[in-house]
Amino acid sequence: MALPGGLLTRGEEPVPLKSISVTLSIREFVAGVSATLNYENEEEVPLETFFVFPMDEDSAVYSFEAEIDGKKIKAELKDKRKAHSIYESALSNRRQAFLLEEDRYSRDVFCCNVGNLHPGSKVALTLKYVQELPLEADGTLRYVLPAVLNPRYCRPGSSEDSCLNMKTPVVPLEELPYTFSMIATISSQHGIERIQSNCPFSPMEYLGDDKTSAQVSLTEGHKFDRDVELLIYYSEKHTPSVAVEMGQAKDNPDGLMKDPSAMVCFYPNIPEVESPVICGEFVFLMDRSGSMHCPISKQDKSQLRIEAAKETLILLLKSLPIGCYFNVYGFGTSYEAFFPNSVEYTQQTMEEALRRVQLMRADLGGTEILTPLQIIYGEPSIPGHPLQLFIFTDGEVTDTFSVINEVRRNRTKHRCFSFGIGEGASTSLIKGIARVAGGTSEFITGKARMQSKALSALKRALQPAVEDISVSWDLPRGLSAKMLSPEQTVLYRGQRLIIYALLSGTMPPADATGEVCLKYMLQGKSFENRVTFSLQPKPDDNFTIHRLAAKSFLQTKDMGFRDTPAKDKKDVLKVSIDCGVISSQTAFIAVNKSLNKPVQEPLARRDVPRPILLGAASMIPRFYGGGLDRSPAPDHTLRKKCMSLKEASPEIERAHSSTNRMNLETHPTVFGDNHLVQLISLQNADGSWYPDENLAGILGRSLEDLLAAIPVKDANSSSWATVLAMVWLHSNAKQMKCEWELLEKKARTWIRIHAASIMQELVKAAIAFTKSSVDPAIFAL
C-alpha cells in the first residue's frame, strides 16, 4: 500500500502525533501546566497508537480529556486494572478509547494510548498537572519540561510490563517528526527580575507596569530536541507564606477534598555554624555504565558525563576534612570499590583514591545500582561517623521503586545526596532516593556545573544536624489542622520547607487569622519561625493546593504498582481517586460512546518515536547501559573488586610507583587546561600545598623564582606555597568560589596552626609576586 504524505519515522511509518502545545502558568513557586497532544490519522486504516513520554516525578496529573470533532470527552480516574479492562473491552468492540497511565516501575514515565483512531480523524488530548518548583542555591526557581527519555537499562527477565519495554522507536533529537510549542506566564507579588532558558525564547514581556507578571514563549520551529528549562529570578528573596484553599464538600462528603487545605512555605533562617567535631563516613557511588560516555547535553562541546563526574569526585575528595572516613564505589552491571572498607582520610588514602579516579572509565556495562547499595548498607557502621552517601548517575535504571525502597529501608542509618547527570536522567530515581533518606537532589544539564552543586551538598553534609523539628498551629476554637506532609526530620541552611494540612471544623469569620510555627534545635539553641495568615479560603477551580497535598501524600505511600505494601495500597487508591491525582495504582480512561457505527477494519499499531541523546554512541566500540545492551553480564557480575595497588592493573601500579606526587601531565583527559582543577588536585589532605614545578607552572613562574621569593627567612616553604595558592584562587577563580570554599577553609586552618604569626607578610608578598589586585584584608585569620 502506498503511504500518504505526512510525517514519517525512519521505518517509513506515518506518525499520528503531529504536535505538542504547552501552556505554562507559574504563580510564585507553583506551576500549572496544560499540555495538548494533537493526533491525526492520515492512513486508510484505523490505528492504535502509543506515546511514551517523560514527566517530572513531582507532577500531580489531575485531568485528561479528549476533543474529537468539537466534542470533549473527560476521562475518569479508575483503578488501573479496571481502566485496562475498560480499554480492552472498548477496543474489542471497535470503540474509540483513550488511556493515560504512569509506568509500573517509575513514576516519571507515562504512556498515552489512543485506540481506534479513525481514518482521517483528528483528536486533541489534553493532560493537566500542577507541580512545586525546586529552589536553586541562589534562590532561583527552576522549571523543566522533560523531553528526552533515554532507554533505561533492564536486566534480562525483569520489568516486562514496563512502558519502556514497548518497541517504541527512538530517533536522534534533531529528527523528531512532531513539532512543539510553549507559552509561559509567570507572576509573583515580589516582582520578576528576569527569565532565562536553555532554548530559544522570545524576549520577556511584562504584562503590567508593576513587573509582577510576565510572559515568554518558545520561538517558532522548536523541535522539542532537548529538555526545556526555565530559570526564574524574582526581584525579592522568598518570604514565608501560607495559602488556604476552599474544599469541595458537595462532591466529597468524606474525602481529602472535603475540607479547606493549607500550604505553608517556610524559609528558615538557619545560621551557619561549625561543628565542634568533624566526623562522618562519606561514600561516593559513581555510575560507570556505558551510557555515562554520552555528553551531558546536546550542546556543542558538552562535557562527557563520566569526565564531569571524575572532575567532581576530585573536588569532593580534596574537600573532605581530616579525620573523617571515606570510600568510592563504581557501578554498572558489576561494581568496584576503591577500598575493602571505608578508610580514614589521610594524605596517603587521598592520593591513592585520586589515582583510581584518574583511571575511571564508563566501562562497567549496564546500570544496576541496587546491589552496590545493599553492599554499602551491609558494611559495619563506624562509631561516631554517621554515613553520608553521595550518588552520581544518569539515572537510566528500570527498577526505580526497588532502589528507592532499599534506600528507604536504611534511612535511619544515613543521609543520601543524589545527582542526576545529563538530559533524560530519571527524576523519579534521583528525587526519590534523596527524599526518603533526608538528603537533597540535583540535576546537571546544559551548562550547569556538577561541581558547584556537589560541593553545596557536601557543605550541607558537614553542617551540624538540626534536631527536634516540630510544627505547631494556633487556630481559633473549633478549627484544627491535620498534617498531610510527612514528618520533617532534616533541615538544611538555605532550604525551603513546604507543609500541607487540612483544616477541619468550623471556619471563623472572614477577618480571623491563624498562626503556624516551625521550631528546631541547633547545637543546643532553640530557633523558631512564625507565620500569621488569613483563614479566609480562596476558591481555585483546579484545586491546586489539594492536588499538591495529595501528591505529597502519595509520594510517601505509593511505592509502585507491585511494591506498595498492602496496608498502604488502599489509602493510595482512595486518595488518588478522591483527589483525581494519578498514581501507580490508577489510570485515566475515556471511551467515545457517541459513535453510531463501530470501526470495522482491524487496527494497525503505530508507536510514536521518542527522542534519545545518541551523540556519543559512535565514540565507543559498544554502547552499554541505558538498555541498549542486554548481553549476559561478565564473570565478575555482582562481585565487588577491591584491589590493593599491587593487585591492580599495571597501569595503576605504574601511576603509583613513578612518583609520590600526582603528575598533571600523566592524565590530561582529567585535568585538561582547567588550571582551577589542576591547582585543587595539588592540595594536600591537610589543606596545604607543596612548592613544586606543577604549582609554579599554574602561577606562570619557575620553581626557582617561586622559592627565591619567600619573604620570611627560614619560613616553611609549604606556608609560602599555600598562601600563593589561596591568592591565586581569589584572583583567578572568584566566580567559582562555591567550588573551592571548603578547600580554602582547610588551607586557612593549616596556616593558623603553622604560620599564623607571619601570615600578613606572606599574603603581602604573594600578592606582589602574582601581581594580583586582591585585598589583603580578606585573608585575616
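The lining of the second largest pocket divides into 18 nonpolar, 13 polar and six charged residues. Keep in mind that this is a predicted model. The pocket holds about 1,100 Å³ of space, and 37 residues line it. Nearest its centre are Arg27, Glu28, Ala243, Met263 and Ile545. As for secondary structure, β1, β2, β9, β17 (241-245), β18 (261-266), β30 (525-534) and α8 each give two or more residues to that lining.

Several of those elements come back in the sheets, so let me take the sheets next.

One is an open sheet of four strands, in the order β17-β18-β28-β27, with antiparallel pairing. Which strands stand at its edges? They are β17 and β27 (479-483); each has a single partner strand, so one side of each is left without a neighbour in the sheet. On average, neighbouring strands here are turned by 30° against each other, ignoring direction. Inside the sheet, β18 pairs with β28 (residues 497-505) in the antiparallel sense, over six bridges. If you want a spot to look at on the screen, Phe266 stands opposite Leu497 of β28.

The other sheet has eight strands. It is open as well, with mixed pairing, and runs β5-β4-β9-β2-β1-β12-β15-β14. At its edges are β5 (71-74) and β14 (205-206), and since each has a single partner strand, one side of each lacks a neighbour in the sheet. At the β5 end, β4 (residues 60-68) pairs with β5 through four bridges, in the antiparallel sense. Glu65 has Lys74, in β5, as its bridge partner. Helix α8 (residues 544-557) packs on this sheet and touches β2, β4 and β9. The direction of α8 makes about 75° with that of β9. Recall that α8 also contributes two or more residues to the pocket lining I began with, and that Ile545 is among the residues nearest the centre of that pocket.

Now the enclosed spaces. Rolling a probe the size of a water molecule over the atoms shows where empty space is left. How many cavities of 30 Å³ or more are there? The count comes to six. The largest has a volume of about 220 Å³. It is lined by 19 residues, and closest to its centre are Ile20, Phe53, Pro54, Pro146 and Phe224. By class, the lining has 18 nonpolar residues, no polar ones and one charged. At least two lining residues come from each of β1 (17-27), β2 (30-40), β3 (47-54), β9 (122-132) and β33 (610-612). The largest share belongs to β3, with four residues.

Note that β1, β2 and β9 are on this list and also on the list for the second largest pocket.

Last item, a pair of helices. The axes of α2 (residues 305-319) and α3 (residues 347-358) come within 10 Å and cross at roughly 175°. An angle over 145 degrees counts as roughly antiparallel, and α2 and α3 are therefore roughly antiparallel to each other. On the α2 side, the contact is made by Lys310, Leu313, Ile314, Leu317 and Lys318. On the α3 side, the residues are Met350, Ala353, Leu354, Val357 and Gln358. What are the classes of the residues in this contact? Seven are nonpolar, one is polar and two are charged.

That is what I have; questions are welcome.

Conventions
Residues numbered from 1 in each chain as written. Predicted model: local features only at pLDDT ≥ 70, side-chain atom pairs only at ≥ 80, totals over all residues. Heavy atoms only, no water. Axes fitted to C-alpha atoms, helices over the stretch in contact; angles between N-to-C directions. Parallel < 35°, antiparallel > 145°, perpendicular 65-115°, else oblique. Contact = heavy atoms within 4.5 Å. Nonpolar A, V, L, I, M, F, W, Y, C, P; charged D, E, K, R; others polar. 1 Å grid on protein atoms, 1.4 Å probe; cavity = no way out; pocket = protein on both sides within 12 Å on 5 of 7 lines; lining within 4 Å. Points joined across faces, edges and corners; volume = space filled by probe spheres on them. Pairing = 2+ DSSP bridges.
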